[in-house]
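Here is a short, informal walk through one protein model. Have a look at the structure first, and then we'll go through its parts together.

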Amino acid sequence: QVQLVESGGGLVQAGDSLRLSCAASGRTFAMGWFRQTPGKERQFVVAISRFGGFTAYADSVKGRFTISRDNGKNTVSLQMNSLKPEDTAVYYCAAGEVVTTNPSEYNYWGQGTQVTVSS
């Protein structure tokens, strides 16, 4: 059974940085980060291919967020810089077969970690 555990969320001020991590069990998957706010659908943020050769970013985070992975440690990280209040959400780590922006194509999900950015 694949398990994903996120960590690193918290409360920061606008302009600050935060690093999220996702520890995964099982085999190597394509990994994605999504975020969700109350009453809204889960939104794609960024994804990375199995061995890190391909990444995809939402326009809203390009140039500010960076995804990376360490397959030796089975972890995926999301470095978030220049945070904005609109980045406030619960962030979810997801695992799937391919890099895609569609959340329904990811097979496994973490429990989520709250990121709050104050103005």
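## Starting from a glycine

Let's begin in a loop: Gly112 sits between β10 (106-109) and β11 (113-118). Keep in mind as you read that this is a predicted model. With a relative accessible area of 15%, Gly112 is buried. Leaving aside residues up to four places away in sequence, Gly112 touches Glu6, Val90, Tyr91 and Tyr92. There is also a long jump along the chain here: Gly112 and Val5 are 107 residues apart in sequence, yet their C-alpha atoms are 7.9 Å apart in space.

## An open sheet of four strands

Which strands form the open sheet, and in what order? The order is β1-β3-β8-β7, and the pairing is antiparallel. β1 (4-7) and β7 stand at the edges with a single partner strand each, so one side of each has no neighbour in the sheet. On average, and ignoring direction, neighbouring strands of this sheet are turned by 15° against each other.

Now for how β8 is held. Strand β3 (residues 18-24) pairs with β8 over six bridges in the antiparallel sense. On its β7 side, β8 is again joined by six bridges, and those two strands run antiparallel as well. As a general point, strands of a sheet pair through backbone hydrogen bonds, either parallel or antiparallel.

Here are some of the bridge partners you can look up in β8:

| Residue | Bridge partner in β8 |
|---|---|
| Leu20 | Leu78 |
| Cys22 | Val76 |
| Ile67 | Leu78 |

Leu78 turns up twice, as the partner of Leu20 and as the partner of Ile67.

Another residue to pick out is Ser77, in strand β8 (residues 75-80). Is Ser77 buried or exposed? It counts as buried, at 10% relative accessibility, because the cut-off for buried is under 20%. Not counting residues up to four places away in sequence, Ser77 touches Arg19, Leu20, Ser21, Trp33, Thr66, Ile67 and Ser68.

## Two residues with positive phi

β7 and β8 form a hairpin with four residues between them. Asn74 is in that turn, in the loop between β7 (65-70) and β8. Asn74 has a positive phi of about 55° although it is not a glycine.

Follow the chain out of β8 and you come to Ser82, in the loop between β8 and β9 (89-96). Ser82 is not a glycine either, and its phi is positive too, near 50°. Its relative accessible area is 39%, so Ser82 is partly exposed.

## The nonpolar core

The largest nonpolar core has 33 residues. Which of them touch the most other members? Those are Leu4, Met31, Trp33, Phe65, Leu78, Met80 and Tyr91. As for where the core comes from, β3, β4, β5 (43-48), β7, β8, β9 and β11 each supply at least two of its residues.

Tyr91 is a good one to click on. Among the residues it touches, beyond those up to four places away in sequence, are Trp33, Phe65, Leu78 and Met80. Tyr91 also touches Gly112, the glycine we began with, and Arg35, which brings us to the next stop.

## A buried arginine

Arg35 lies in strand β4 (residues 30-36). What is its relative accessible area? It is 5%, so Arg35 is buried. The side chain of Arg35 makes a polar contact with the side chain of Asp87, at 2.9 Å. Its other neighbours, again not counting residues up to four places away in sequence, include Glu41, Arg42, Gln43, Val45, Ser60, Val61 and Glu86.

## The disulfide

How many disulfides does a search of the whole structure find? The search finds one. Cys22 and Cys93 form it, with their sulfur atoms 2.0 Å apart. Cys22 lies in strand β3 and Cys93 in strand β9, so the pair ties together parts that are 71 residues apart in sequence. The link is left-handed, with -80° about the S-S bond. Both cysteines, Cys22 and Cys93, are buried.

Definitions and conventions. Residues are numbered from 1 along each chain as its sequence is written. This is a predicted model: local features need pLDDT of at least 70, side-chain atom pairs count only at pLDDT 80 or more; totals for chains, interfaces and linings use all residues. Side-chain values use heavy atoms; hydrogens and water are left out. Buried means under 20% relative accessible area, exposed over 50%, partly exposed in between (1.4 Å probe, protein chains only). A polar contact is a pair of N or O atoms within 3.5 Å; within protein, one must be able to donate a hydrogen and the other to accept it, and residues adjacent in sequence count only if both atoms are side-chain atoms. Contact means heavy atoms within 4.5 Å. Two strands pair if DSSP finds at least two bridges between them. Axes are lines fitted to C-alpha atoms, for helices over the stretch in contact, and angles run from 0 to 180 degrees between N-to-C directions. A nonpolar core is a set of buried Ala, Val, Leu, Ile, Met, Phe, Trp, Tyr and Cys residues joined through side-chain atoms within 4.5 Å. A disulfide is a pair of cysteine sulfur atoms within 2.5 Å.
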